[in-house]
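Subject: Structure handover

Hello,

Here is the structure I promised to pass on. Please open it beside this email and follow along.

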Amino acid sequence: SSTYRRPAALFSPFIRRQQVLLLYRRILQTIRQVPNDSDRKYLKDWAREEFKRNKSATEEDTIRMMITQGNMQLKELERTLALAKS
């Protein structure tokens, strides 16, 4: 069959970068909803440091795992905020 398949290596880093940036933005947007100033600052600093610390990661599986963990932490933060508002 002559099905054209794009080389994953060309697109993967770009797509991963987009996923990471989207996750980072979503985390910061969620943190902005934290009512307490010091908690908000703490979480913002924590998020910034985590992303900065892992910026040089290149191993595909490691990056995928970190994105998964970040999404889980985001969901946990969203749950905590929802509980605090109810």
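Contacts across the sequence come first. Take the contacts in the protein chain with a separation of 6 or more: residues 24 or more positions apart account for 70% of them. Please keep in mind that this is a predicted model.

**The chain as a whole**

The protein chain has 3 helices and 0 strands. Read along the sequence, its pattern is α-α-α. Helix H1 covers 8–31, helix H2 covers 37–53 and helix H3 covers 60–85. The chain has 86 residues, and 17% of them count as buried. Its accessible surface comes to about 7100 Å². Carbon and sulfur atoms hold 56% of that surface.

**Helix H1: three residues to look at**

Start with serine 12, which sits in helix H1. Is serine 12 buried or partly exposed? Its relative accessible area is 21%, so serine 12 counts as partly exposed. The cut-off for buried is under 20%. Now look along the chain from serine 12 to glutamate 60, 48 residues apart. In space, their C-alpha atoms are separated by 8.8 Å.

Next comes arginine 16, also a residue of helix H1. Arginine 16 has 14% relative accessibility, so it counts as buried. Which side chain makes a polar contact with the side chain of arginine 16? It is the side chain of glutamate 60, at 2.6 Å. Leave out residues up to four places away in sequence, and arginine 16 touches Glu60, Ile63, Arg64 and Ile67. Glutamate 60 therefore turns up twice for arginine 16, once in the polar contact and once among the residues it touches, while arginine 16 itself is buried.

The third is threonine 30, again in helix H1. Threonine 30 counts as buried because its relative accessibility is 5%, and buried means under 20%. What does threonine 30 touch, not counting residues up to four places away in sequence? The list is Leu74, Leu77, Glu78 and Leu81. Find these four on screen and you can trace the contacts yourself.

**Helix H2: lysine 44**

Lysine 44 is found in helix H2. Its relative accessible area is 39%, so lysine 44 is partly exposed. Lysine 44 touches Leu28 and Ile31, again without residues up to four places away in sequence. Isoleucine 27 is worth marking too. Lysine 44 and isoleucine 27 are 17 residues apart in sequence. From C-alpha to C-alpha, they are 8.6 Å apart in space.

**Helix H3: glutamine 73**

Glutamine 73 has its place in helix H3. With a relative accessible area of 42%, glutamine 73 is partly exposed. Isoleucine 27 appears here as well. How far apart in sequence are glutamine 73 and isoleucine 27, and how far apart in space? They are 46 residues apart in sequence and 8.7 Å apart in space, C-alpha to C-alpha.

**The largest pocket**

Now for the empty space. Rolling a probe the size of a water molecule over the atoms shows where such space is left. The largest pocket has a volume of about 770 Å³. It is lined by 26 residues, and the closest to its centre are Val20, Phe51, Asn54, Lys55 and Met66.

Which helices supply at least two residues each to this lining? Helix H1, helix H2 and helix H3 each do. H1 gives the most, with 9 residues. By class, the lining has 13 nonpolar, 6 polar and 7 charged residues.

**Where to begin**

Start with the polar contact between arginine 16 and glutamate 60. Then mark isoleucine 27, and find lysine 44 and glutamine 73 from there. Finish at the centre of the largest pocket, with Val20 and Phe51 among the closest residues.

Best wishes

Methods:
Residues numbered from 1 in each chain as written. Predicted model: local features only at pLDDT ≥ 70, side-chain atom pairs only at ≥ 80, totals over all residues. Heavy atoms only, no water. 1 Å grid on protein atoms, 1.4 Å probe; cavity = no way out; pocket = protein on both sides within 12 Å on 5 of 7 lines; lining within 4 Å. Points joined across faces, edges and corners; volume = space filled by probe spheres on them. Helix = DSSP H or I, 4+ residues; strand = E, 2+ residues; numbered from the N terminus. Nonpolar A, V, L, I, M, F, W, Y, C, P; charged D, E, K, R; others polar. Buried < 20%, exposed > 50% of the residue type's maximum accessible area, 1.4 Å probe, protein only. Polar contact = N/O pair within 3.5 Å; in protein donor to acceptor, adjacent residues only side chain to side chain. Contact = heavy atoms within 4.5 Å. Areas by Shrake-Rupley, 256 points an atom, 1.4 Å probe, with all protein chains shown as cover.
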